[in-house]
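Here are my notes on the model you passed along. Have it open while you read.

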Amino acid sequence: MKTKKDFKGKVEKTKLEYFKTYLEGFDKLCPEGIPVGNSVLVEGGPGNGKTIFCLSLLREACKRGKKVLYMSFEEKEEKLRNHMKIFGADPEEYEKKGLLYVKRFNALDIARSVEALLSEAKKELLIEVQPVLIPPEFKPDIVILDSLSSISSAFSGESSRFRIYMEQLFRYLESHNINSFLIREVSSPNHVGNIFVEPGEAVSFLADGIIVLYNVFYSDGFRKRAIEVLKMRGVNIDRRIVECEIQRGKGLVVGNNSLKGKYILT
C-alpha cells in the first residue's frame, strides 16, 4: 500500500497497481508484477541484451495499448525502428496509433539545462528540476531511457548535479504513475563481490528495482546469457538467476532453468 495526503492533510492509503511485462518467462521472476510508478534499472555489460530486453518490453506494451516513450542517447531513431522490427515489433503502426514516441536526445543538453536550473535556484539542493526529457505533447505509461550511462557521462565531474537530476526525474515519474526502465551499462556485476564502484552508482539506491543481465561463461567452454531481478520494491521476487536467450522475431526469451555447475558471471 502507498500513502498520500488528501486536501485536508490526512494520510489515506491507496491500493497498489501492478504492471506486467508479458515477456515469455520473465513475469515468473516477478509474479505479482512491477508496481506502477516504479523506476527500474536494466543493467549489465556490453552485449548482454539490455536494449533487446527493453525493445521486447516495448513491443508487448504497445500491443496491449500502453503508450511508450523510447528516449535514445546513442542510436538514431530509424536505426532503433529497424532494430525493433527484427524482434517482432511494428514501430510505424504503434506510432500511427499514438502508442509510441521514439526520440534521440543529446545528453549534454540535459546537463546544461540542469546547470541553468541550479543557477536559478542559487545552488539549492531541493529544487524543482523539470523533466527536460519528457516531450510535453506525449503522455507515456512507460518510459525507456537508453542509456543512463550516457547521461552520467555528460555530468562528468558533477556527480552531485547528476544525483539531483535523477532524484527529481524519479520523483516526477512516480508522481505521474509512469513505469520507467533505465538502461545502464556496467563493466562488471559489482553486487556479486566486486568492489569497483561505477560512475553514477547512486542511482542504484534511488531506483525501485534492478534487473541484471549477464554473460555466463561455463567451465566447459559454453557461453550463455542469464537474467536476475536483483530487487523490486513493493513485491516478492524469485531470486534465482535464470538462463535467457535472444531469438529473432521474439527478442529476449527467459527460461525456467536456474544456473548450475561451474560458471563466471560478467
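The points below go through rings, charges, cysteines, one helix and two single residues.

1. Ground rules. This is a predicted model, where local features need pLDDT of at least 70 and side-chain atom pairs count only at pLDDT 80 or more, while totals for chains, interfaces and linings use all residues. Residues are numbered from 1 along each chain as its sequence is written, and side-chain values use heavy atoms, with hydrogens and water left out.

2. Aromatic pairs. The structure has five of them. Rings of Phe, Tyr and Trp (its six-membered ring) pair if their centres lie within 6.5 Å; planes under 30 degrees apart are stacked, over 60 edge-to-face, and the rest tilted. One of the five is Tyr101 with Phe138, a tilted pair at 5.4 Å centre to centre and 45° between the planes. Tyr101 sits in strand 7 (residues 100–104) and Phe138 in the loop between helix 4 (107–120) and strand 8 (142–146), so this pair ties together parts 37 residues apart in sequence. Helices (H or I, at least four residues) and strands (E, at least two) are DSSP runs, numbered from the N terminus.

3. How covered are those two rings? Phe138 is buried at 6% relative accessible area, whereas Tyr101 is partly exposed at 22%. The cut-offs: buried is under 20% relative accessible area, exposed over 50%, and partly exposed in between (1.4 Å probe, protein chains only).

4. Another pair. Tyr218 and Tyr263 meet edge-to-face, 5.9 Å centre to centre with 65° between the planes. Tyr218 belongs to strand 10 (residues 209–218) and Tyr263 to strand 14 (residues 263–265), so the pair links parts 45 residues apart in sequence. Tyr218 is buried, at 13%, and Tyr263 is partly exposed, at 31%.

5. Charges over rings. The charged end of Lys67 sits over the ring of Phe138, 4.9 Å from its centre. Arg64 lies over the face of Tyr22, at 3.9 Å from the ring centre. The test here is NZ of Lys or CZ of Arg within 6 Å of the ring centre and within 35 degrees of the ring normal.

6. Cysteines. How many disulfides does the structure hold? Zero, with a disulfide taken as a pair of cysteine sulfur atoms within 2.5 Å. Cys30 is buried at 1% relative accessibility, and Cys244 is buried at 7%.

7. Helix 2. Leu80, Arg81 and Met84 are buried in this helix (residues 77–86). Looking down the axis, the buried residues fall within an arc of 100°, so they line one face of the helix; the arc is that of the directions from the helix axis to the C-beta atoms. An α-helix has 3.6 residues a turn, so residues three or four places apart point the same way. The cover over the buried residues of helix 2 includes helix 1 (50–63), strand 6 (68–72), helix 3 (91–96) and strand 7. Just after helix 2, Gly88 takes a positive phi of about 90°.

8. Ser56. This residue is in helix 1 and is buried at 0%. The Ser56 side chain reaches the backbone nitrogen of Leu252 at 3.1 Å. Leaving out residues up to four places away in sequence, Ser56 touches Leu23, Lys250, Gly251 and Leu252, where contact means heavy atoms within 4.5 Å.

9. Arg161. You'll find Arg161 in helix 6 (residues 159–175), and at 17% relative accessibility Arg161 counts as buried. Arg161 and Ala111 are 50 residues apart in sequence and 8.4 Å apart in space, C-alpha to C-alpha.

Notes
A polar contact is a pair of N or O atoms within 3.5 Å; within protein, one must be able to donate a hydrogen and the other to accept it, and residues adjacent in sequence count only if both atoms are side-chain atoms.
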